[in-house]
Amino acid sequence: MSTFDEVFERIKMATNTRTQVELAEVLDIRQSSISDAKRRNSVPSDWYMKLFEKFGLNPDWLKMGSGPMYLRTEQGYQPVDGPAAGQVFEDPAKYGDPDAKSSVVTVYAMHDNQADKNELPSKGLSKLSVPQSFAGPSIQVFKVEATSMEPLISKGAFVGLDTQQKSIMSGELYGVFIPYEGIAIRRIYLDAQNQRFILRSENPALPEQFLPLGKHQASIVGRVTWVLQKM
């Protein structure tokens with residue numbers, strides 16, 4: 001039987017949660033309940049049921065790391081193994097594809113009380129379920145609160161920024177710290193002649209902004225890797 005820490009790590013991986021606070025929100029329990037379970041070195045049985053009902057996660061995989069991670073199919077919950085009894089079951093392999101599985105990620109506000117500092121927000125705004133391939137340790141998700149990138153990116157859209165991609169490729173979209181405004185999405189161009197980068201919004205009414213060459217790294221949050229919005 002796996003230890004609590006081993007099961008806990010599998011649960012975090014499958015739900016894309018990084019902290020006890022985030023996992024408590026997913027399980028709809030108090031954070032203290034997780035601390036209690038860790039102290040007892042025992043995972044409560046109702047956690048397995050919640051994870052099965054919410055994500056289709058296989059309790060055996062969570063407990064011991066054996067069998068398929070997911071049991072959910074389009075026909076409902078059914079075992080992968082066992083006699084087919086003349087029935088034709090759908091191949092469950094495709095449910096292992098990262099685009100077929102969802103992860104719950106934390107959504108952050110682009111404008112908060114840290115707007116005067118080059119610091120990422122520490123408090124989440126909400127939660128969002130996205131394909132697992134859209135999540136990851138370096139992806140930070142923000143909700144767009146301005147119209148500066150319309151019509152390309154609408155107000156209310158969700159954007160995923162890869163915080164490990166800070167090297168600028170001219171013409172691409174990046175999240176940038178703007179003093180006293182917070183984080184903004186801008187298309188960035190190199191202006192080598194003037195030793196600077198040009199920040200442009202899609203709204204032509206807004207003026208261009210600039211970042212001095214060599215000092216831009218501290219202002220770049222990450223490259224835009226995906227956008228989720230209503231058309």
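Helices and strands in these legends are DSSP runs, helices having at least four residues and strands at least two, and both are numbered from the N terminus. The model shown in every view is predicted.

**View 1. Lining of the largest pocket.** Helix H1 (4-15), strand S3 (102-109) and strand S5 (139-143) each contribute at least two residues to the lining of the largest pocket, and the largest share, five residues, is supplied by S3. The pocket holds about 260 Å³ of space and has 19 lining residues, of which Asn16, Arg18, Ala135, Gly136 and Pro137 lie nearest its centre. By character, the residues of this lining comprise eight nonpolar, seven polar and four charged.

**View 2. The nine-stranded open sheet.** Nine strands, following the order S4-S3-S5-S6-S11-S7-S8-S9-S10, form an open sheet in which the pairing is mixed. Strand S4 (126-131) and strand S10 (209-212) are the edge strands, each of them pairing on one side only. On average, and with direction ignored, neighbouring strands of this sheet are turned by 45 degrees against each other.

**View 3. Strand S6 and its two partners.** Strand S6 (residues 158-162) is largely enclosed by the rest of the structure, because five of its five residues are buried, the cut-off for buried being under 20% relative accessible area. Phe158, Gly160 and Asp162 point one way from S6, while Val159 and Leu161 point the other way, and all are buried. S6 pairs with S5 in the antiparallel sense over five bridges, and in this pairing phenylalanine 142 stands opposite valine 159. S6 also pairs with strand S11 (residues 220-228), again in the antiparallel sense and over five bridges. In the pairing with S11, phenylalanine 158 stands opposite leucine 228, whereas leucine 161 has valine 224 as its bridge partner.

**View 4. The loop between S5 and S6.** Glutamate 145 is found in the loop between S5 and S6, where, with a relative accessible area of 29%, this residue is partly exposed. Its C-alpha atom is separated by 7.8 Å from that of histidine 111, although the two residues are 34 residues apart along the chain. Proline 151 also lies in the loop between S5 and S6, and a cis peptide bond, with omega of about 5 degrees, joins glutamate 150 to proline 151.

**View 5. The buried face of helix H4.** In helix H4 (residues 45-55), the buried residues are Trp47, Tyr48, Leu51, Phe52 and Phe55. Seen down the axis of H4, these buried residues fall within an arc of 130 degrees, so they line one face of the helix. On the other side of H4, Ser45 and Glu53 are exposed. Glycine 56, which follows H4, has a positive phi near 75 degrees.

**View 6. Positive phi in residues other than glycine.** Aspartate 28, found in the loop between helix H2 (20-27) and helix H3 (31-40), has a positive phi of about 60 degrees although it is not a glycine. With a relative accessibility of 68%, aspartate 28 counts as exposed, the cut-off for that class being over 50%. Glutamine 195, which is found in the loop between strand S8 (182-191) and strand S9 (196-200), is a residue other than glycine whose phi is likewise positive, near 55 degrees.

Terms used:
Residues numbered from 1 in each chain as written. Predicted model: local features only at pLDDT ≥ 70, side-chain atom pairs only at ≥ 80, totals over all residues. Heavy atoms only, no water. 1 Å grid on protein atoms, 1.4 Å probe; cavity = no way out; pocket = protein on both sides within 12 Å on 5 of 7 lines; lining within 4 Å. Points joined across faces, edges and corners; volume = space filled by probe spheres on them. Nonpolar A, V, L, I, M, F, W, Y, C, P; charged D, E, K, R; others polar. Buried < 20%, exposed > 50% of the residue type's maximum accessible area, 1.4 Å probe, protein only. Arc of directions from axis to C-beta. Pairing = 2+ DSSP bridges. Axes fitted to C-alpha atoms, helices over the stretch in contact; angles between N-to-C directions.
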